[in-house]
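Please open the structure in the viewer and keep the whole chain in sight. The tour below proceeds from the overall surface to a single pair of side chains.

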Amino acid sequence: MAKPSFWNHVAELRHKILLVLAVWCALAGVVFFFREAVLEAYVAPLRTHLGAGQTLITTGLPEQFFVYLKLSLLLASFVVLPFILIQI
């Protein structure tokens with residue numbers, strides 16, 4: 001029985017890493033498409049503790065975009081975790 005070479009293992013690892021990254025990016029794109037609904041579900045418990053007339057604000061121009069982006073990447077990470085564990 002021929003022993004697989006080191007480079008065969010590296011090629012397989014590269015394939016699995018690229019597959020996981022592709023799935024993670026695709027899921028992040030799907031979550032980003034539904035970003036407003038995801039953010040509403042995420043901050044709903046916080047809104048119950050806000051006083052009358054209080055709202056959430058952003059203090060910088062790109063901040064709202066980065067909130068959506070970070071939330072999308074984080075949620076995609078949780079959703080893709082079983083796929084990552086299967087690939088290992």
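**A guided tour of the model**

Begin with the surface display: the accessible surface of the protein amounts to about 7,200 Å², and carbon and sulfur atoms contribute 73% of it. Please note that this is a predicted model. Of the 88 residues in the protein, 14% are buried.

Next, select the C-alpha trace and turn it along its principal axes, where the protein spans about 75 × 25 × 15 Å. The radius of gyration of the protein is 20 Å, whereas a compact globule of 88 residues would have one near 12 Å.

Now change to the cartoon display. Which elements appear from the N terminus on? The order is α-α-α, and the secondary structure comprises three helices and zero strands. With contacts shown, consider those in the protein with a separation of 6 or more: 82% of them join residues 24 or more positions apart.

Then colour the charged residues. The protein has 6 positive and 4 negative charges, and the mean positions of the two groups lie 13 Å apart.

Finally, select Arg 47 and Glu 40. What do their side chains form? They meet in a salt bridge, with 3.2 Å from N to O; the structure holds one salt bridge. Are these two residues buried, or are they at least partly exposed? Arg 47 is partly exposed because its relative accessible area is 36%, which lies between the limits of 20% and 50%. Glu 40 likewise counts as partly exposed, at 42% relative accessibility.

Definitions and conventions: Residues are numbered from 1 along each chain as its sequence is written. This is a predicted model: local features need pLDDT of at least 70, side-chain atom pairs count only at pLDDT 80 or more; totals for chains, interfaces and linings use all residues. Side-chain values use heavy atoms; hydrogens and water are left out. A salt bridge is a side-chain nitrogen of Lys or Arg within 4 Å of a carboxyl oxygen of Asp or Glu. Buried means under 20% relative accessible area, exposed over 50%, partly exposed in between (1.4 Å probe, protein chains only). Helices (H or I, at least four residues) and strands (E, at least two) are DSSP runs, numbered from the N terminus. The radius of gyration is taken over C-alpha atoms; the globule rule is 2.2 Å times the number of residues to the power 0.38. Contact means heavy atoms within 4.5 Å. Accessible areas come from the Shrake-Rupley method with a 1.4 Å probe; for residues, only the protein chains shown count as cover. Lys and Arg count as positive and Asp and Glu as negative; His and the chain ends are not counted. The place of a charge is taken as NZ of Lys, CZ of Arg, CG of Asp or CD of Glu.
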